[in-house]
Protein chains: 2
Amino acid sequence: MDFEVIVLGSGAAVPSLTRNTSAQYVFCHNRHILIDCGEGTQLQLRKFKIKFQQIQTILISHLHGDHIFGLPGLLSTMQLLGRTKGITVYGPKGIRKFIYACLEEVGKGIYFSLNIVELEPNTSGVIFEDKCIEIVHFPLKHGVPAHGYVIKEKPHKRRLLRDKFDETGVSVSYIQKLIQGEDIVDMSGKKVRSDDVTIPGKKQKKYAYCCDTAYSTDIISFVENADVIYHDATFLSTEEDRAAETFHSTAKQAASIAYKAKIGRLLLGHFSARYTSTKEHELEAKEIFEKVTAVEDGDKFVI
Amino acid sequence: MDFEVIVLGSGAAVPSLTRNTSAQYVFCHNRHILIDCGEGTQLQLRKFKIKFQQIQTILISHLHGDHIFGLPGLLSTMQLLGRTKGITVYGPKGIRKFIYACLEEVGKGIYFSLNIVELEPNTSGVIFEDKCIEIVHFPLKHGVPAHGYVIKEKPHKRRLLRDKFDETGVSVSYIQKLIQGEDIVDMSGKKVRSDDVTIPGKKQKKYAYCCDTAYSTDIISFVENADVIYHDATFLSTEEDRAAETFHSTAKQAASIAYKAKIGRLLLGHFSARYTSTKEHELEAKEIFEKVTAVEDGDKFVI
């Protein structure tokens with residue numbers, strides 16, 4: 001598969017023997033991306049058989065321990081196992097100081113190229129782009145500056161209808177322009193419209209990660225039409241006040257965002273340790289939005 | 001049992017799915033002590049059913065990540081779960097900066113009393129003492145300042161031989177002095193020697209933790225006659241040069257220390273991830289010292 005997500009940690013605040021703290025691995029067109037890195041993430045990567053030296057990009061949502069305390073250990077292990085390839089870490093202001101404080105104090109610098117990009121609070125924009133994918137960050141509503149991330153495919157080229165094209169009799173040298181959507185006129189003056197000999201390429205896939213966040217419709221413009229969204233669902237609606245106080249969401253609020261943003265599938269996560277089962281989270285969300293999964297560590301989703 | 005050790009992590013450098021990085025829990029006469037705190041230690045404490053809010057004292061050997069990267073997460077979790085009781089952390093100079101850099105950067109101070117005691121390099125002495133136990137630190141031979149720790153019982157009082165005492169006819173008010181080893185003369189001038197009516201209390205138990213360290217006979221004066229020693233055995237003798245270069249020990253060198261220091265039982269640990277089995281470590285050590293165990297995570301030893 002070209003685009004998939006593996007949940008490495010779906011628990012809030014403190015790790016347990018059944019749920020680690022936040023982390024996800026995203027594979028998208030040969031890019032290997034880690035989102036968040038709670039304590040123990042390096043072991044979750046091993047457990048779910050993900051080659052962590054392949055990771056090129058780390059996206060950190062915010063500077064709470066349950067999202068970053070695995071980062072010093074992961075970077076150290078990468079180095080101890082002989083990494084030479086560089087890595088880029090994106091995260092809120094302060095992430096550089098945190099990483100260097102941990103690594104310098106322990107007497108070991110990092111010898112591979114460690115590129116740290118600090119994001120300004122309350123900003124959004126493209127942070128990474130290549131010919132296949134694009135990564136966008138946007139602000140979440142949390143107690144400290146926090147960033148959501150969208151990973152999406154670049155637009156796919158239109159596809160040639162070979163029979164229709166052959167009927168036109170123009171040179172094959174015009175194919176590139178036609179699949180880029182351009183109409184052409186050949187040397188003999190013959191006109192061919194792109195729409196007549198091509199069809200749109202397959203839909204761009206889009207994944208959105210929104211954790212940790214209180215309920216906020218401000219995120220909709222960034223996540224709309226995503227095939228899959230992972231949204232904070234720390235609490236059930238019975239704890240809606242507690243969710244608001246702590247800048248987290250209920251399962252119902254997550255479903256409301258998924259409905260309004262016309263999402264394909266909603267993944268609920270970041271569950272408070274007070275819940276031994278997340279069946280209720282799913283049921284509550286399904287009242288508003290049908291396609292919902294309360295995730296478990298190790299779950300894999302094809303986007 | 002009054003004195004026991006549970007191994008929480010027996011692997012070197014990088015955690016694996018079978019061995020976590022360094023940590024041990026020591027229970028000694030109602031004192032709850034953690035030694036070292038590699039990443040994931042809080043989960044190991046859960047796994048082996050140790051109530052970690054009971055821990056009052058944390059002893060850190062040195063500032064390498066595999067011995068401290070679990071500390072910020074453990075302290076955070078203690079706080080998130082409502083800890084109010086204070087805790088004392090002993091470790092090399094720099095441990096305070098490491099802890100505060102991690103905890104301040106993540107936007108959460110610690111609200112319970114966190115007493116951090118920094119130990120000078122190449123020094124030794126008593127760092128903790130109460131009526132039941134004593135903790136001593138001493139220098140190890142490692143690439144950065146590193147401390148070994150001895151936890152030992154205070155001398156047990158002499159035990160009264162009740163029949164012999166009753167035969168003397170002196171007042172019971174003299175018992176305390178007699179079991180403290182003092183000879184007495186009562187009001188009537190009657191002399192009673194402590195040795196005649198008491199016998200020595202049971203032997204003081206002693207546990208020594210020596211990790212990470214190169215082979216060094218300098219530690220013998222601190223660890224001698226310990227009932228149990230845990231000693232760095234990162235390598236087999238075939239890697240003796242590598243051990244010296246990296247300031248670690250071979251299983252044979254650990255056995256040599258145990259033999260020279262007249263130890264009761266030798267525990268081998270801090271195994272390099274290159275070894276899938278530690279049978280060879282045990283065999284190699286047994287050529288020099290019979291009572292040896294290559295530990296596994298979760299092993300419990302009564303001292």
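**Sheet, loops and chain contact in a predicted model**

In this predicted model, Thr57(B) is placed opposite Thr88(B), a residue of strand β5(B). The pair belongs to a parallel arrangement in which strand β4 (residues 57–59) of chain B is joined to strand β5 (residues 87–92) of chain B by three bridges. In general, the strands of a sheet pair through backbone hydrogen bonds, and the pairing may be either parallel or antiparallel. Strands β4 and β5 of chain B are part of an open sheet of seven strands, whose order is β6-β5-β4-β3-β2-β1-β18 and whose pairing is mixed. The edges of this sheet are formed by β6 (114–119) and β18 (300–302) of chain B, and because each of them has a single partner strand, one side of each is left without a neighbour in the sheet. From one strand to the next, the twist averages 20°.

Two residues of chain B that are not glycines nevertheless have a positive phi, and they lie in contrasting surroundings. For Asn30(B) the angle is about 65°, and this residue is found in the loop that runs between β2 (23–28) and β3 (31–35) of chain B. Asn30(B) counts as exposed, because 11 C-beta neighbours lie inside 10 Å and the limit for an exposed residue is 12 or fewer. For His270(B) phi is about 60°, and the residue lies in the loop between β16 (265–269) and α11 of chain B. His270(B) has 29 other C-beta atoms within 10 Å, and since 20 or more are required, it is buried.

A further loop of chain B, between α11 (279–286) and β17 (292–294), contains Glu287(B). This residue has 12 C-beta neighbours inside 10 Å and therefore counts as exposed. Although Glu287(B) and Ala255(B) are 32 residues apart along the chain, their C-alpha atoms are separated by 8.4 Å.

A cis peptide bond is present between Cys211(A) and Asp212(A), with omega about 5°, and Asp212(A) is located in the loop between β14 (206–210) and α8 (220–223) of chain A. In chain B, Cys211(B) and Asp212(B) are likewise joined by a cis peptide bond with omega about 5°.

The contact between the chains takes 32 residues from chain A and 32 residues from chain B. On the side of chain A that touches chain B, at least two residues are supplied by each of the helices α1 (41–47), α2 (65–68), α3 (71–80) and α4 (95–105). The residues of this side of chain A comprise 16 nonpolar, 11 polar and five charged ones.

Note on methods:
Residues are numbered from 1 along each chain as its sequence is written. Chains are lettered from A and ligands numbered from 1 in the order in which they are written. This is a predicted model: local features need pLDDT of at least 70, side-chain atom pairs count only at pLDDT 80 or more; totals for chains, interfaces and linings use all residues. Two strands pair if DSSP finds at least two bridges between them. Helices (H or I, at least four residues) and strands (E, at least two) are DSSP runs, numbered from the N terminus. Axes are lines fitted to C-alpha atoms, for helices over the stretch in contact, and angles run from 0 to 180 degrees between N-to-C directions. Two residues are in contact if their C-beta atoms, placed from the backbone, lie within 7 Å. Ala, Val, Leu, Ile, Met, Phe, Trp, Tyr, Cys and Pro count as nonpolar, Asp, Glu, Lys and Arg as charged, and the others, Gly among them, as polar.
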